[in-house]
Amino acid sequence: HTAVQYRSLVSPGDVASRDDIPPGCGAVVRDGLSKTAVYRDPEGFTHELSAICPHSGCVVQWNQTELSWDCPCHG
């Protein structure tokens, strides 16, 4: 199951542009060869981090229910 998650390293981002992320939501954006986890807070400001989990190298996913970034490889 973990090996399947690494395919997301080469897939497109969740959205085409940071402008497509509504306030209070997050999404993974492709930035050339890398991926960025982008959260747009309720006031409209964006917060950006690497989308690559430092523990296992998987691409994180936005959890809209808990408003958090989750790693599919180890939770």
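How many residues lie between strand 1 and strand 2 in their hairpin, and which residue in the turn has a positive phi? Two residues separate the strands, and the one with the positive phi, of about 65°, is Gly32. This hairpin is a convenient place to enter the structure, which is a predicted model.

The protein chain as a whole contains one helix and five strands. Along the sequence these elements follow the pattern α-β-β-β-β-β. The protein chain has 75 residues, and 35% of them count as buried. Its exposed area is about 4700 Å², of which carbon and sulfur atoms supply 57%. Among contacts in the protein chain with a separation of 6 or more, 27% come from residues 24 or more positions apart.

Strand 1 covers residues 25-31, and five of its seven residues are buried, so the strand is mostly covered. Strand 2 covers residues 34-40 and runs antiparallel to strand 1, to which it is joined by seven bridges. Two positions fix the register for the reader. Gly26 has Tyr39 in strand 2 as its bridge partner, and Val29 stands opposite Thr36 in strand 2.

On to strand 3. Strand 2 pairs with strand 3 over five bridges, in the antiparallel sense. One position to look at is Arg40, which stands opposite Thr46 in strand 3. The hairpin made by strand 2 and strand 3 has five residues between the strands, and Gly44 there takes a positive phi near 100°. Strands of a sheet pair through backbone hydrogen bonds, in either a parallel or an antiparallel arrangement. In this structure, the result is an open sheet of three strands in the order 1-2-3, with antiparallel pairing. Strand 1 and strand 3 (46-50) are the edge strands, each pairing on one side only. With direction ignored, neighbouring strands of this sheet are turned by 25° against each other on average.

Next come the buried side chains. The largest nonpolar core has nine residues: Val28, Ala37, Ala51, Cys53, Cys58, Val59, Val60, Cys71 and Cys73. Apart from this core lies another, of five residues, including Ile21, Cys25, Ala27 and Val38. Val28 of the largest nonpolar core is a useful residue to follow outward. Leaving aside neighbours within four places in sequence, Val28 is in contact with Gly13, Asp14, Val15, Lys35, Thr36, Ala51, Val59, Val60 and Trp69.

The last of those contacts leads to strand 5, where Trp69 is found. Trp69 and Val28 are 41 residues apart in sequence, while their C-alpha atoms are 9.9 Å apart in space. With neighbours within four places in sequence again left out, the contacts of Trp69 are Gly26, Ala27, Val28, Ala37, Val38, Tyr39, Val60, Gln61 and Trp62.

Two names in that list return when the aromatic rings are considered. Tyr39, Trp62 and Trp69 form one aromatic cluster. A search of the whole structure finds two aromatic pairs. Trp62 and Trp69 form an edge-to-face pair, with 4.9 Å from centre to centre and 65° between the planes. Are these two tryptophans buried or partly exposed? Trp62 has a relative accessible area of 18% and is therefore buried, because buried means under 20%. Trp69, at 26% relative accessibility, counts as partly exposed, because that value falls between the 20% limit for buried and the 50% limit for exposed.

One backbone detail remains, in the loop between strand 4 (61-63) and strand 5 (68-70), where Leu67 has its place. Most residues other than glycine have a negative phi. Leu67, however, has a positive phi, near 55°, and is a residue other than glycine. Its side of the accessibility scale is the middle one: at 47% relative accessibility, Leu67 counts as partly exposed. The positive phi values in the two hairpins described above belong to glycines, Gly32 in the hairpin of strand 1 and strand 2 and Gly44 in the hairpin of strand 2 and strand 3.

Key:
Residues numbered from 1 in each chain as written. Predicted model: local features only at pLDDT ≥ 70, side-chain atom pairs only at ≥ 80, totals over all residues. Heavy atoms only, no water. Buried < 20%, exposed > 50% of the residue type's maximum accessible area, 1.4 Å probe, protein only. Helix = DSSP H or I, 4+ residues; strand = E, 2+ residues; numbered from the N terminus. Pairing = 2+ DSSP bridges. Axes fitted to C-alpha atoms, helices over the stretch in contact; angles between N-to-C directions. Contact = heavy atoms within 4.5 Å. Areas by Shrake-Rupley, 256 points an atom, 1.4 Å probe, with all protein chains shown as cover. Core = buried A, V, L, I, M, F, W, Y, C linked by side-chain atoms within 4.5 Å. Phe/Tyr/Trp six-rings, centres within 6.5 Å; stacked < 30°, edge-to-face > 60°.
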